[in-house]
Amino acid sequence: MSKAHRASPQDEKQVLRELRVELVSCSRERRWNRLVRRRHYLKSADLVGEQLRYVVTDAQGHWLALIGWSAAAFHLKARDQSIEWSEQQRQARLHLVAQNSRLLILADRHKLPNLASRALSLCLQRLSEDWQKKYGHPIVMVESFVDRQLHYATAYKASGWEPLGYSAGFKRVSQDFYERHDRPKELWVKVLDDQAWDWLRAPELPAPLARYEKATPPPCSVDTRRMSSLFERFEQVEDWREPIGKRHRLATAMAIVALACLAGVGQGYRAVSRFAKRLNRHQRRQLKCWIHPDTDLSQVPSEAVFQRVLQKFPRCDIEKMAVQWQNDVLGKVPATDAVVIDGKEVCGADLMLVNAVAQPSQRLLGVESVDSKTNEIPTARTLIERLDLQGKMTQLDGMHTQHQTVHQILYEKGGDYSLILRENQPTLLETAQTLLPADVPPYTQEDHLPRRS
C-alpha cells in the first residue's frame, strides 16, 4: 500500500488560511451527529449540559473537521487543585469552563497535519462569544481529555494547551452522574485569557465576570460528627423488612432521605430517588463517610425502596429523632418564636401532614398525619395538645378559626392566637368587625398585655 503524500507547504498554507469555523445549524446537526458516531473512536455524539457544535470547512465548503463542546466535568482533582478554588467557588464558577468533548478530523491527516491545531485555535477565538449569545455567560477556560493509548495530543500541544494529569477513570453519562470505565485519560486545559487562573481562584470575580457568578447555597453549618449522630438514631429503629432481597440498610435509606430534605429537594418519593441518583462521585464519598466507610453506594436505593420505607417507618419515631437531633445541634427553640401550624400534602404519597414550626427560627416542633376519615382541624388539635404553647403566639390559617381550637390554645395551653377570618364565616366576621373597628391600633412591644384576637 502506497504511503499518503503530504500536501506541499504552499498548498497546506493556502488551505489553512482559508479555513472557516461555523456553528452547526439545526438542519445540519443530524449530519454532524451521524459522522461523529460513525468515525469518532467513542462512537457517540451525545454531549452533556450546555453544548455547541462546530464544523470546519475549506473555501469550497467541504467539511474537514468537527468540534464539539459541552459543560465541564463536575469534579476533576487535577484541575480543581491547579485552580486552587474552594468547593463553593467551584459550584459558582464551573460554568465558565467548557470541555472539548469531540474533535474529529475528516480530511486526510497526512496531507494536512496541522489542520487539527489550526481548527482548534480558530474555534477558540469565537467560542466565548458564541457561548455568551446562547447561554448568557462567557467562557474563560477550556479542558479536554486525551486517551494516550490511542492519541499523542499533538493538536493540543501545538495550539497551546497544557497537561495537568490523569483522570480517575470515570465517564459522565448524564448531568452530574458518572460511571467507571477504568481507562484514565490525560487532562489538558487552555485559558482563553492569561488572567483566567487568578480569576477563577480569586475571592471575588472581577467586575465584568462577577454578574455571571451563580448563586450557591450556604455551606452546611453542621459538622460531620453531628450528622453521624442522626444516622446513629436511625440505626436504633428495628428493621421490619424481610432479609431476603434486602440490599440497603434501613438507616442508609433514611439517611439519604434526611440529606434530600436538608438539600431542599421537592416532596415525594420520586424527588428523593432523583436526588439519590444524581449524587456525583464526590458526594457519594462524603455520604459514605457520614454513614459508614463500608457502605456500598454504587447503586443507590430505588424509588420503590424509599416508598416502602417511608410508608412504614413509624412517623412518631421520625419526629422524635428529628426534634431531638435538631435541639442537640442548635439548642433550645428561642422563647420569643411564634408557633405556625399548617397542613401540607405529601406529593405522590396520598398523605396529608399537619406541621408545627417555630418562626422565625424555622425549627420543627411536631408533626401529625391526617387520618383518611377526618381532616386537618381535629388533627391540628391533637398536635396542639402535645405542644408547649405557654406564653407563645400560635398562628393558623382560616380553616382553624374554630371556637374549640381557640379555647384549647387560650385556656388549656396558656397561649395567644392569631387567626384569619374570611367571608365564609359571615357571622363571626361581622362580630369581629363590630368589636374591633379599623381604627384599633395593633399590638406593639410597649403594651403590657398582649391582645388575644
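In this predicted model, the side chains of R53 and E29 meet in a salt bridge, with N and O 3.7 Å apart. The two residues come from separate elements: R53 belongs to strand β2, while E29 is part of helix α2 (residues 26–39), and the pair links parts of the chain that are 24 residues apart. Their surroundings are not alike. R53 is buried, at 11% relative accessible area, whereas E29 is partly exposed, at 28%.

The burial of R53 fits what is seen for its strand. Strand β2 covers residues 52–57, and 6 of its 6 residues are buried. Both faces are covered: L52, Y54 and V56 point to one side, R53, V55 and T57 to the other, and all of these are buried. On the sheet level, β2 has partners in β1 and β3. Strand β1 (residues 20–23) runs antiparallel to β2 and is joined to it by 4 bridges, with E22 standing opposite V55. Strand β3 (residues 63–71) is also antiparallel to β2, this time through 6 bridges; here T57 has W63 as its bridge partner. The β2–β3 hairpin has 5 residues between its strands, and G61 takes a positive phi near 90° there.

W63 turns up again in a contact with a charge: the charged end of R31 sits over its ring, 3.8 Å from the centre. A similar arrangement involves R90, which lies over the face of F74 at 4.4 Å from the ring centre.

Back to salt bridges, of which the structure holds 17. R201 pairs with E84, the closest N and O atoms being 3.6 Å apart. This one spans 117 residues of sequence, from the loop between α3 (77–83) and α4 (87–93), where E84 is found, to R201 in helix α7 (residues 196–201). R201 counts as partly exposed at 26% relative accessibility, and E84 as exposed at 55%. D342 and K344 also meet through their side chains, at 3.6 Å from N to O. Both ends of that bridge are partly exposed, D342 at 27% and K344 at 42%. Elsewhere, R79, D80 and E143 are linked in a network of salt bridges.

Aromatic contacts tell a similar story of distant parts brought together. A search of the whole structure finds 4 aromatic pairs. One of them, F234 with F313, is edge-to-face, with 6.5 Å from centre to centre and 85° between the planes. F234 sits in helix α9 (residues 224–235) and F313 in the loop between α13 (303–312) and α14 (315–330), 79 residues apart. Both rings are hidden away: F234 is buried at 6% relative accessibility, and F313 is buried at 1%. F313 also pairs with W240; the ring centres are 6.2 Å apart and the planes lie at 70°, so this contact is edge-to-face too. Because W240 lies in the loop between α9 and α10 (250–262) and F313 in the loop between α13 and α14, the pair ties together parts 73 residues apart in sequence. Unlike the buried F313, W240 is partly exposed, at 31%. Ring pairs thus link F234, W240 and F313 into a cluster.

Finally, there is a nonpolar patch on the surface. Y41, L42 and L150 form it, with about 250 Å² of accessible area together. L150 comes from the loop between β5 (141–146) and α6 (154–158) and is partly exposed, at 46% relative accessible area.

Methods:
Residues numbered from 1 in each chain as written. Predicted model: local features only at pLDDT ≥ 70, side-chain atom pairs only at ≥ 80, totals over all residues. Heavy atoms only, no water. Phe/Tyr/Trp six-rings, centres within 6.5 Å; stacked < 30°, edge-to-face > 60°. Buried < 20%, exposed > 50% of the residue type's maximum accessible area, 1.4 Å probe, protein only. Lys NZ or Arg CZ within 6 Å of the ring centre and 35° of its normal. Patch = residues over 30% accessible without salt bridge, like charges linked within 9 Å, V, L, I, M, F, W, Y side chains within 5 Å. Areas by Shrake-Rupley, 256 points an atom, 1.4 Å probe, with all protein chains shown as cover. Salt bridge = Lys/Arg side-chain N within 4 Å of Asp/Glu carboxyl O. Pairing = 2+ DSSP bridges.
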